[in-house]
Amino acid sequence: MRRSLLTSYEGQIKIFLVLLVLFLAVAIYFDFHLLVIARDAIRDEAGARLSLEADLVRAELERDQMLRGLHAGPESVPYIPPTYLDRIARLKGMNSVEILTPEGRVLSSSDPERVGREDSLLVDGAGSTRRRLLAGERMVVPMGGRGADRDATLTAYRRIEDKSRIVVAFIRVQEDVPVLAGVELNLKIIAALQAGGLAFVLVLVIFFAHWLLQPYRRLLRAAGEAPGALPGLEGPAPGDEPDYLVAAFQGVLGTLRRQEQELTRLRPGGGDGAALPGDQLIGGITSAVLVFDREGRLTTLNASAERLLGVTRATALGRRHGDLLDGNWKLIDLVERSLRRGESHSREVVPLAGSSGRTTHLGAMVSPIRGAAVEGAAPIDGALCLLADLTEIQTLRERVGLKENLAALGEMSAGIAHQFRNSLAAIQGLARLIARQRAQGGDPPPAGGENAEAILREVDGIGQVVDDFLRYARPISLNLAEVDLADLVQDLVRDFRSDPRASGVEITVEGTFPRLVADEALLRQALQNLLVNAAESFALRADRGPDPPGAPAPRVVLRGGPRAEAEGGARIEVIDNGPGIADSDLPRIFKPFFTTKDQGTGLGLALVQKTAVVHDGQVEVESRAGRGTIFSLLLPARPGAASSSGPT
């Protein structure tokens, strides 16, 4: 079965791969040739520009009459100041500017070290460059560069003639052309990569041809062994190898098909088998499955959906989703948006009202069903709705929330009871003391008045606890209006300085306080609580003993400014250099009735946090024991109070 190279399939594959390699080689050659042309164009452009620069240098020398040194007497050495040439070179961004004698010796140069040296290009090379310059040609030659991988250098020569048109000297200018150096380097890299790539492709083609034709050779050998046992393939192989392989494998497939038919006939039951239908596939799913067509009519549902909706297949199929889900508007809206807009929804919790009046909470997933796309987006053929009963989970969640509320209520009640018990114990003790004094002396002695005042203070303390608790527990209705924080802060600072609890504490106001829409009374109370809390922290420091020598004086800073993380709003900070808050107490400072003070109610910071929350803001705290505390009240921007504010 060996055939010529052009007629055999193996030969045709090899010829195709060789032509492919030749095509790549030609493409690489032309690509490299274009790069060389581009390099030469850049060099010519740079040379033309440098030639013009050389002419300009010669014109400037003639204009400034600096060439008179070339006409010095026979006994003196011609001289042109190197500093002048150096200034010209620096102004024009050149490497050097030199004046050469007709014999090629450097008369003057921007580099003084080259004075007296010979120019290698004019002296070497049998004097061809010199003769061309004397003949009137302009010369621009590449000089390699100070770093072949960084830049290239071009050198231009010009004649200097006297009035008799006799050449008295040459001007030599030299300039780096970094672009030309980059092109030269890239040209070398590209040439190396293309040559290496072509060699790699050639090797790869050789191995690829061997790998590609190896299975073909095996098939050809197998087909050569098969014809004697296959009908229609007896005798010599056909002229075309692919046709021969196709005929051989068609015979094999025919034999296999006849054997399969024989096995099917012999199989019990005639071999009739059916694929699982869609209804059977979704029947075992525990979640409710509903399929609606593009008009919103129900086409498929499973047994779980029948139980959940309280319908039967016979009465449900063909009904529109609005009729089938009557009264469950959220679920109807999800299906409608999926059918009309192609929206997908997942993890949606929707209530489902049953016929018995019981409300079931469902987890819904609604997704559009799209057909094959013809042009553009695929059309929506329907919607798939999966429903899972989350009633038990929702009930457990409500129970957990109720337990949390009851726990919070119990904690608050325990705090109130603790405050009341302490106050009542003090009142009871004072009352017994008054009764004992009355029994001993008849009329109450003068000390009885002090005891009565102590009882009144305890009663006032109980009243303060009740008032703070009611403010914390009572729902707040915001009385929004535009508040000038600057005026509010000035009032608070004035009250703070007159408060006995802030005696000896210096207060400073820093930053800016913008106007914003808020409840002024709540803000005033929250900021006052923070200032009082800062002042009382110094009393705690005093209880721990005298301050060490050099300790800073008690100081509170009230700082304001806009919120950095959002447009508008305000950030108000109350900073003190008190004893700070212990790390173990930080997580509990905003809990009701938690306090570290002997006379504190534990509701001040809780009220501050509630004020921040009802204003859609937040309160932050930073504190380190022994280094002070920073409370930050962050308030967002609100729209104008024209329609939402009440009377102030």
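A residue is called buried under 20% relative accessible area, exposed over 50% and partly exposed in between, with a 1.4 Å probe and protein chains only. Helices (H or I, at least four residues) and strands (E, at least two) are DSSP runs, numbered from the N terminus.

The structure is a predicted model, in which local features need pLDDT of at least 70 and side-chain atom pairs count only at pLDDT 80 or more, while totals for chains, interfaces and linings use all residues. Residues are numbered from 1 along each chain as its sequence is written, and side-chain values use heavy atoms, with hydrogens and water left out.

**Exercise 1. Helix α11**

Task: Determine which residues of α11 are buried and what covers them.

Solution.
1. Helix α11 comprises the 13 residues 329-341. The expected span, 1.5 Å times one less than the number of residues, is 18 Å, and the end C-alpha atoms lie 17 Å apart, which agrees.
2. The buried residues of α11 are L331, I332, L334, V335, S338 and L339.
3. Because these residues cover an arc of only 160° around the axis, they sit on the same side of α11; the arc is taken from the directions from the helix axis to the C-beta atoms.
4. W329 and R341, on the other side of α11, are exposed.
5. The cover over the buried residues includes β6, α10 (321-324), β8 (345-353), β9 (359-370) and β10, where contact means heavy atoms within 4.5 Å.
6. After α11 comes G342, with a positive phi near 75°.

**Exercise 2. Strand β6**

Task: Identify the strands that are joined to β6 by bridges.

Solution.
1. β6 spans residues 288-293, and five of its six residues are buried.
2. Strands count as paired if DSSP finds at least two bridges between them. Six bridges link β6 to β10 (residues 380-389), and the two run antiparallel; in this pairing A288 has L387 as its bridge partner.
3. Three bridges link β6 to β7 (residues 298-301), also antiparallel; here V291 stands opposite T300.
4. β6 and β7 form a hairpin with four residues between them, and G296 in the turn has a positive phi of about 85°.

**Exercise 3. The largest nonpolar core**

Task: Establish which residues touch the most other members of the largest nonpolar core and which elements give two or more residues to it.

Solution.
1. A nonpolar core is a set of buried Ala, Val, Leu, Ile, Met, Phe, Trp, Tyr and Cys residues joined through side-chain atoms within 4.5 Å.
2. The largest such core has 36 residues, of which L485, F496 and V556 touch the most other members.
3. Two or more residues come from each of α14 (485-498), β13 (515-518), α15 (520-543), β14 (555-561), β15 (570-576), α16 (604-614) and β17 (628-635). Helix α15 gives the most, with eight residues.
4. Leaving aside residues up to four places away in sequence, F496 touches A502, V505, I507, L531, A535 and V556.

**Exercise 4. H615 and D616**

Task: Decide whether H615 is buried or exposed, and do likewise for D616.

Solution.
1. H615 lies in the loop between α16 and β16, as does D616, with β16 covering 618-624.
2. H615 has 2% relative accessibility and therefore counts as buried.
3. Leaving aside residues up to four places away in sequence, H615 touches L478, A518, D519, L522, L635, P636 and R638.
4. A polar side-chain atom of H615 lies 2.9 Å from the backbone oxygen of T611.
5. D616 has a relative accessible area of 57% and is therefore exposed. D616 is not a glycine, yet has a positive phi of about 60°.

Conventions:
A polar contact is a pair of N or O atoms within 3.5 Å; within protein, one must be able to donate a hydrogen and the other to accept it, and residues adjacent in sequence count only if both atoms are side-chain atoms.
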